[in-house]
Amino acid sequence: MTQRLTVAVGGGCLLDRAALSALVSGLPGLHVVGLDSDPPPRVLVWDVSAGHLAELPRLPPGTALLLLVTTDNCSALPPGVAGLFSKDETPEALGIAIRQVARGEQYLSPSLALALLQHQRAASSSVDPTALLSAAGQALSTLTDREREILTLLAEGLSNKAIAARLYLSVRTVEGHLANLYTRLGVHSRTEAALFAIRYNLSTPIR
Amino acid sequence: MMNTLTRTRLAVLGTISDLHREPLAYDLARLRSIVTDLAPDLLCAEITREAWESSDLSLASLEVREALALVEAATDIVIVPVASTPMQYAGFVPSEQWRRKLVHRFDRLLQWGQRKANRPEVVNGVMFGSFCHTICALTEMIWTAEDRAAWEAQNKAMAENILHAVQRDPGRRMLVAVQCQRLHRLLPLLHASADMFEIVNYQAL
């Protein structure tokens, strides 16, 4: 049997925190504790509303940080963020995001991926496209069919869980494939991988 | 990580159909908490792939509709639909009146046993297993030959779908949640392929 996963909530205003706390408590397997509890919570969920990012406390060792953001405020981020969760996602998706960052992985809401991709596109517009195409073709040819399939779904904005559910694979297996394809493509995050897939027409861009 | 070296650990959890709604220790909340706490990588459920992919739970069992699907939505657990047909055990109702009456009596007896068993560990234990197996075997004898063949075929198809899930993603922790009436038919079929996985008690998954 697994232990309940401890989660602290913060940021936002008092009502936001109360609602967030009630929501997280209602998710299966999650238990809300204070940030100063012993042992420290596995995850701190922090509501980034106007002005509240500056109040972000120092994280205890071993506590992962998941920020609740909107597309408007997802670009200026503090260091050490494990996940970005869009406030337009469902409560169930929040449970998945919390578990993902608790395992030491990253989480990015699909709707935020588009905003970040556009930001990256603008930043990389000065790179030589011919050289990029050649390198990309080589990198893509090293992917297995399953990795290519997963990369395509990733670029459609699906979370690891959604990809796993679509392919009837475990989330851990999808994460393993992603780690492999990151290495083969020479990228360091799902955002970069998604950008790669979109740029080289492996997928239609997310809407 | 992809894991082709470790054998899949597979456990089968017997459920008690509509009795999960009753105030038993093995109610819907308990079923949800068992699956959540076990946190299997893959959860094989009694629903067809077509129904699952179209989010049509109308013909699915109570267990799937009000427990497994909810847990799946709130966790990292991935449901693998393994039923070949929406037809469940309770759907096999003979047309002849005397057969129907006998089946009904055996159903009542099985439900009495399920209520007495009450707890999940008892429902999935040896004593209740023998009782359930006996009642189900008697019930199946009263069914028509066509119904028995259909029941056998759907259990075989379910076992094959479970094996495919193991082959697709080996080395994982897999929980198969099925109504207890199916356990006696499904377990021998799975044991026949036990070289592909290790079958363990659900509490040891």
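Here are legends for a handful of close-ups of a predicted model.

**View 1. The open sheet of chain A.** Six strands make up this open sheet of chain A, lined up in the order 2-1-3-4-5-6 with parallel pairing. At the edges sit strand 2 (30-32) and strand 6 (107-108) of chain A; each has a single partner strand, so one side of each is left without a neighbour in the sheet. Helix 2 of chain A packs on the sheet, where it touches strand 1 (5-11), strand 2, strand 3, strand 4, strand 5 and strand 6 of chain A. The direction of helix 2 makes about 170 degrees with that of strand 5 of chain A.

**View 2. Strand 4 of chain A and its partners.** Strand 4 covers residues 64-69 of chain A, and five of its six residues are buried. On one pairing, strand 3 (residues 43-47) of chain A runs parallel to strand 4 of chain A, joined by five bridges. Look for A:Trp46 here, standing opposite A:Leu67 in strand 4 of chain A. Strand 4 of chain A also runs parallel to strand 5 (residues 81-86) of chain A, again through five bridges. In that pairing, A:Leu65 stands opposite A:Val81 of strand 5 of chain A.

**View 3. Strands 5 and 6 of chain A.** Two bridges pair strand 5 of chain A with strand 6 of chain A, in the parallel sense. A:Gly83 is found opposite A:Tyr107, which belongs to strand 6 of chain A.

**View 4. Where the two domains of chain A meet.** The domain assignment splits chain A into domain 1 (5-109) and domain 2 (127-199). Five residues from domain 1 of chain A and seven residues from domain 2 of chain A take part in the contact. The domain 1 side of chain A, where it touches domain 2 of chain A, is made of two nonpolar, two polar and one charged residues.

**View 5. Chain A against chain B.** Here 20 residues of chain A are in contact with 20 residues of chain B. On the chain A side, helix 2 (91-102), helix 6 (160-167) and helix 7 (171-185) each chip in at least two residues. Helix 7 of chain A gives the largest share of that side, five residues. By class, the chain A side that touches chain B has nine nonpolar, seven polar and four charged residues.

**View 6. Helix 1 of chain B.** Helix 1 spans residues 28-38 of chain B, and its buried residues are B:Leu31, B:Arg32, B:Ile34, B:Val35, B:Thr36 and B:Leu38. These buried residues pack against strand 1 (8-15), strand 2 (42-48), helix 3 (62-74), helix 5 (120-123) and strand 4 (173-179) of chain B. Just after helix 1 of chain B comes B:Ala39, with a positive phi near 45 degrees.

Technical notes. Residues numbered from 1 in each chain as written. Chains lettered and ligands numbered in written order. Predicted model: local features only at pLDDT ≥ 70, side-chain atom pairs only at ≥ 80, totals over all residues. Buried ≥ 20, exposed ≤ 12 C-beta atoms within 10 Å, placed from the backbone. Helix = DSSP H or I, 4+ residues; strand = E, 2+ residues; numbered from the N terminus. Pairing = 2+ DSSP bridges. Domains from an automatic or database assignment. Nonpolar A, V, L, I, M, F, W, Y, C, P; charged D, E, K, R; others polar. Axes fitted to C-alpha atoms, helices over the stretch in contact; angles between N-to-C directions.
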